Amino acid sequence: MFFKKKNSTGTEKEKSHYLSAKETREIAKQNARTIRELERRKKRIASEDEYTTQMRDENNIVEFDNLHTYFFGDAGVVKAVNGVSFDIPKGATIGVVGESGCGKSVTSLSLMQLVQGPRGQIVDGSIRFNMGDKAYDIAKMPLSEMRKIRGEQIAMIFQEPMTSLNPVFKIGYQMDEMVLLHTPNCTKEQAKDRSIEMLKLVGIAAPERVYDCYPHELSGGMRQRVMIAIALSCNPRLIIADEPTTALDVTIQAQILDLLRDIKTKIDGSIMLITHDLGVIAEMADYVVVMYAGRVIERGTTKEIFENPMHPYTIGLQKSKPVVRRKVDRLYNIPGQVPNPIDMPNYCYFRDRCDRCIGKCKEGYPGFIQVSPTHSVSCYLYENAEEESNV
Ligand SMILES: Nc1ncnc2c1ncn2[C@@H]1O[C@H](COP(=O)(O)OP(=O)(O)OP(=O)(O)O)[C@@H](O)[C@H]1O
Ligand SMILES: [Mg+2]
């Protein structure tokens, strides 16, 4: 954490990265107090009414509304997700992009209530989930209720297939467990049949053999297929795929993406696809959400984001992508670094890296400017664009 310290003459010293033992103790005490209060608040929620809510738009399956998820660490509070709002429409694929550490995974983990507690906590905002006949606010739901939704309604394909599968249990055991947990009155034989059917669905050639394998006996691509098969075994209405193809070569990547696309049509569900690969987004997504330093900075349809990127960061991302048949000496990179997540500035987080900043950029964090019904951007450069679109 950056602190301004006074030296013996009373003048301010350079900003220091170091914390004294006293400062660390103070932070730990403050964190313990906040965590206790947040945990108490969660436990107070007892009846369904307290977490039942209403969707803003019935056509959405999920609505993130001003979500704040923080990690209370020894050096201070990391605001991993700092006021994120976007919708996932029913039947759509929504791509979430942004550079490493911008809060993509933490946003999806918040939706599954899998943020690593007690340090990681949803401190504010709501995550409305459309159950069909009613809607729940996942940010407020007790864990016992969330367990009924997790896996059954929302499934997640994690970033690392090797660490997500348990190395000491066979694939079949891990798959059956999921089916048995979520299907009442299901026998072991029925669970096995379902698991083998799912392995077949994800394109595994010898499902009976793979069913009897340990995770280390499979290749990376097969493990990722198994993860997808587990995620699909309860017919979820929303699949969260967190970098599903990062560890795979391009051929397998293309196969996995085809598979996801196929499956989405089969289950008639929605996909939240997290990646930093713009190519994957262009191929798969209907809508794109661009995140930077824990916030959404631009959102729109894939066409809008690719053909008319507005935020200087989105423009930078597009420029840094290699283009076939365009010869360049060096690929473009966005200069500078993401601000320290513990000590975010009180103005636009991208300002210090932005080559188009204006005087106003120092005056607080910019709000969202609606440039079309589906396209909005958080940047002062477009304030006039909104006025024009309102005329
Ligand atoms: N368990 C944790 N404890 C403390 N901080 C965490 C924890 N998990 C994530 N963070 C912090 O939250 C921020 C967002 O992390 P997140 O994993 O969401 O990034 P990401 O956008 O998914 O990055 P990547 O593309 O590399 O997967 C980072 O600054 C990270 O250090
Ligand atoms: Mg991640």
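**Close-up views of a predicted model**

**View 1. I240, a buried residue of strand β8.** With 26 other C-beta atoms within 10 Å, I240 is buried, since 20 or more is the cut-off for that word. You will find I240 in strand β8. As you explore, bear in mind that this is a predicted model. Setting aside residues up to four places away in sequence, I240 touches S108, L111, I154, M156 and M272. Y380 makes a useful landmark: I240 and Y380 are 140 residues apart in sequence, and their C-alpha atoms are 32 Å apart in space.

**View 2. The largest nonpolar core and another one apart from it.** Welcome to the largest nonpolar core, which has 85 residues. Which of its residues touch the most other members? They are A229, A231, M272, L273, V290 and Y292. Helix α8, residues 220-232, gives the most to this core, with eight residues. Another core, of five residues, lies apart from it, and M310, I369, V377 and Y380 are among its members. To see the contacts of one residue, pick A231: leaving aside neighbours within four places in sequence, A231 is in contact with A155, M156, I157, P236 and I239.

**View 3. Helix α8, largely enclosed.** Is helix α8 largely enclosed by the rest of the structure or largely in the open? Helix α8 is largely enclosed, because 12 of its 13 residues are buried. Those buried residues are G221, M222, R223, Q224, R225, V226, M227, I228, A229, I230, A231 and L232. From its first C-alpha to its last, α8 reaches 18 Å, close to the 18 Å expected at 1.5 Å a residue. As a reminder for looking at any such element, an α-helix has 3.6 residues a turn, so residues three or four places apart point the same way.

**View 4. Helix α1, largely in the open.** Now turn to helix α1, residues 21-44. The number of buried residues among its 24 is zero, so helix α1 lies largely in the open. Its end C-alpha atoms are 35 Å apart, which agrees with the 34 Å that its 24 residues should span at 1.5 Å a residue. E23 is a good residue to stop at in helix α1. With 15 other C-beta atoms within 10 Å, E23 is partly exposed. E23 and G76 are 53 residues apart in sequence, and 9.9 Å apart in space from C-alpha to C-alpha.

**View 5. The residues around ligand 1.** How many residues surround ligand 1? There are 18, and the closest are A80, S100, K104, S105 and V106. By kind, the shell around ligand 1 divides into six nonpolar, 10 polar and two charged residues. Strand β2 (60-73), strand β3 (76-89) and helix α2 (104-111) each supply at least two residues of this shell. Helix α2 gives the most, with three residues.

**View 6. S85 and N66, from strands β3 and β2.** S85 has its place in strand β3, while N66 lies in strand β2. Not counting neighbours within four places in sequence, S85 is in contact with F64, D65, N66 and V296. S85 is partly exposed, with 17 other C-beta atoms within 10 Å, whereas N66 is exposed, with 11. S85 and G125 are 40 residues apart in sequence, yet their C-alpha atoms are 9.0 Å apart in space. The backbone of N66 deserves a look too: its phi is near 50 degrees, a positive value in a residue other than glycine.

**View 7. E243, a loop residue with positive phi.** Where is E243 found? E243 sits in the loop between β8 (238-242) and α9 (250-267). Although E243 is not a glycine, it has a positive phi of about 45 degrees. E243 counts as partly exposed, with 18 C-beta neighbours inside 10 Å.

**View 8. Confidence along the chain.** Here is a view to keep beside the others. The mean pLDDT of the chain is 85, and 93% of its residues reach 70 or more. Over residues 1-14 the pLDDT is below 50, and this stretch has 18 contacts in the model beyond near neighbours in sequence. Where pLDDT is low, the predicted coordinates should not be read in detail.

Key. Residues numbered from 1 in each chain as written. Chains lettered and ligands numbered in written order. Predicted model: local features only at pLDDT ≥ 70, side-chain atom pairs only at ≥ 80, totals over all residues. Near = placed C-beta within 6 Å. Helix = DSSP H or I, 4+ residues; strand = E, 2+ residues; numbered from the N terminus. Nonpolar A, V, L, I, M, F, W, Y, C, P; charged D, E, K, R; others polar. Core = buried A, V, L, I, M, F, W, Y, C linked by C-beta atoms within 7 Å. Contact = placed C-beta atoms within 7 Å. pLDDT = per-residue confidence, 0-100. Expected span 1.5 Å × (residues − 1).
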